[in-house]
Amino acid sequence: MLATSGPQNYETWSAQFFPAGSPDALRSADPDLDDLENLQEYAFARDPDVHSGGASLTRFSQLPNGSCYLTYRRPRSATDLSYLYEFSNDLKTWHATTGTESRTPLDPLVEEVSVRLDYRLQRKPGLFIRIVVRPSPF
Ligand SMILES: [Ca+2]
């Protein structure tokens, strides 16, 4: 039975695509061979059976006023993930940052999140930004 709404975790998500016990259901599996492991496909609301074609998981934009936005898709009701934002100016040292999230439902299970990152990011040259997805504590 497919989940159509409500709380979701890796197991309920995986069960929509793979038979229980299948090696393709493992978090580290990559059955569509697109170099995204299933856990990444889940965290960014991708279909693990469809090759991503190299599409980026995130979009970055900066408005003329200097505001920086990071946009990505994720499960609407994931109970087992947390998303953190980090920036770096040298790809060696990463610093946690915060932002203001706005969410747009795309369907009962998926939302698009646009994060307006903290103002202090604008003043750094050579800016790199990443999303860190971690299991949520229960
Ligand atoms: Ca994959």
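A residue counts as exposed if 12 or fewer other C-beta atoms lie within 10 Å of its own, and as buried if 20 or more do. Keep that cut-off at hand for the exercises below, which work through a predicted model.

**Exercise 1. Decide whether Ala55 is buried or exposed, and place it in the chain.**

Step 1. Start with the neighbour count: Ala55 has 9 other C-beta atoms within 10 Å.

Step 2. Apply the cut-off of 12 or fewer. Ala55 is therefore exposed.

Step 3. Now find its place: Ala55 sits in the loop between H2 and strand E1 (58-62).

Step 4. For a distance to try in your viewer, pick the C-alpha atoms of Ala55 and Asp34. They are separated by 9.8 Å, with these positions 21 residues apart along the chain.

**Exercise 2. Describe the chain as a whole: which elements does it contain, and in what order?**

Step 1. Count the elements: the chain has two helices and seven strands.

Step 2. Read along the sequence, and the pattern is α-α-β-β-β-β-β-β-β.

Step 3. Add the dimensions. Along the principal axes, the C-alpha atoms fill a box of roughly 50 × 30 × 30 Å.

Step 4. Look at burial: of the 138 residues in the chain, 14% are buried.

Step 5. Finish with the contacts. Taking those between residues at least 6 apart in sequence, 55% join residues at least 24 apart.

**Exercise 3. Work out the sheet that contains E6: what is the strand order, and which strands are at the edges?**

Step 1. Collect the pairings of E6. Strand E2 (residues 68-75) pairs with strand E6 (residues 110-117) in the antiparallel sense, over seven bridges. Strand E5 (residues 99-105) is also antiparallel to E6 and is joined to it by seven bridges.

Step 2. Check how E5 and E6 are connected: they form a hairpin, with four residues between them.

Step 3. Write down the order. This open sheet has four strands, arranged E1-E2-E6-E5 with antiparallel pairing. Its edge strands are E1 and E5, each of which pairs on one side only.

Step 4. Add the twist: on average, neighbouring strands of this sheet are turned by 25 degrees against each other, direction ignored.

Step 5. Confirm the register with individual partners. On the E2 side, Tyr69 stands opposite Arg116 in E6, and Arg73 has Glu112 of E6 as its bridge partner. On the E5 side, Glu101 is partnered by Val115 of E6.

**Exercise 4. Do the same for the sheet that contains E3: what is the order, and why do two strands have one side without a neighbour in the sheet?**

Step 1. Give the order: three strands make an open sheet, E4-E3-E7, paired antiparallel.

Step 2. Find the edges. Strand E4 (95-97) and strand E7 (128-135) each have a single partner strand, so one side of each is left without a neighbour in the sheet.

Step 3. Note the twist, which for neighbouring strands here averages 40 degrees, direction ignored.

Step 4. Look at one pairing closely. Strand E3 (residues 81-88) and E7 run antiparallel and are joined by eight bridges. One of the partnerships is that of Leu81 with Pro135 in E7.

**Exercise 5. Find the domains and describe the side of domain 1 that touches domain 2.**

Step 1. Set the bounds: the domain assignment gives domain 1 (10-43) and domain 2 (58-135). Their C-alpha centres lie 24 Å apart.

Step 2. Count the residues in contact: four come from domain 1 and five from domain 2.

Step 3. Identify the elements on the domain 1 side. Helix H1 (10-15) and helix H2 (38-43) supply at least two residues each.

Step 4. Sort that side by chemistry: four residues are nonpolar, with no polar and no charged ones.

Step 5. Compare with the largest nonpolar core, whose five residues are Trp13, Tyr42, Ala43, Phe44 and Ala45. Leaving aside residues up to four places away in sequence, Ala45 touches Arg73, Arg74, Pro75 and Val110.

**Exercise 6. Find out where Leu33 and Leu91 lie and what their phi values are.**

Step 1. Take Leu33, in the loop between H1 and H2. Its phi is near 55 degrees, a positive value in a residue other than glycine.

Step 2. Turn to Leu91, in the loop between E3 and E4. Leu91 has a positive phi of about 60 degrees, although it is not a glycine.

Step 3. Apply the cut-off again. Leu33 has 7 other C-beta atoms within 10 Å and is therefore exposed. Leu91 has 9 within that distance, so Leu91 is exposed.

Note on methods: Residues numbered from 1 in each chain as written. Predicted model: local features only at pLDDT ≥ 70, side-chain atom pairs only at ≥ 80, totals over all residues. Domains from an automatic or database assignment. Contact = placed C-beta atoms within 7 Å. Nonpolar A, V, L, I, M, F, W, Y, C, P; charged D, E, K, R; others polar. Pairing = 2+ DSSP bridges. Axes fitted to C-alpha atoms, helices over the stretch in contact; angles between N-to-C directions. Core = buried A, V, L, I, M, F, W, Y, C linked by C-beta atoms within 7 Å.
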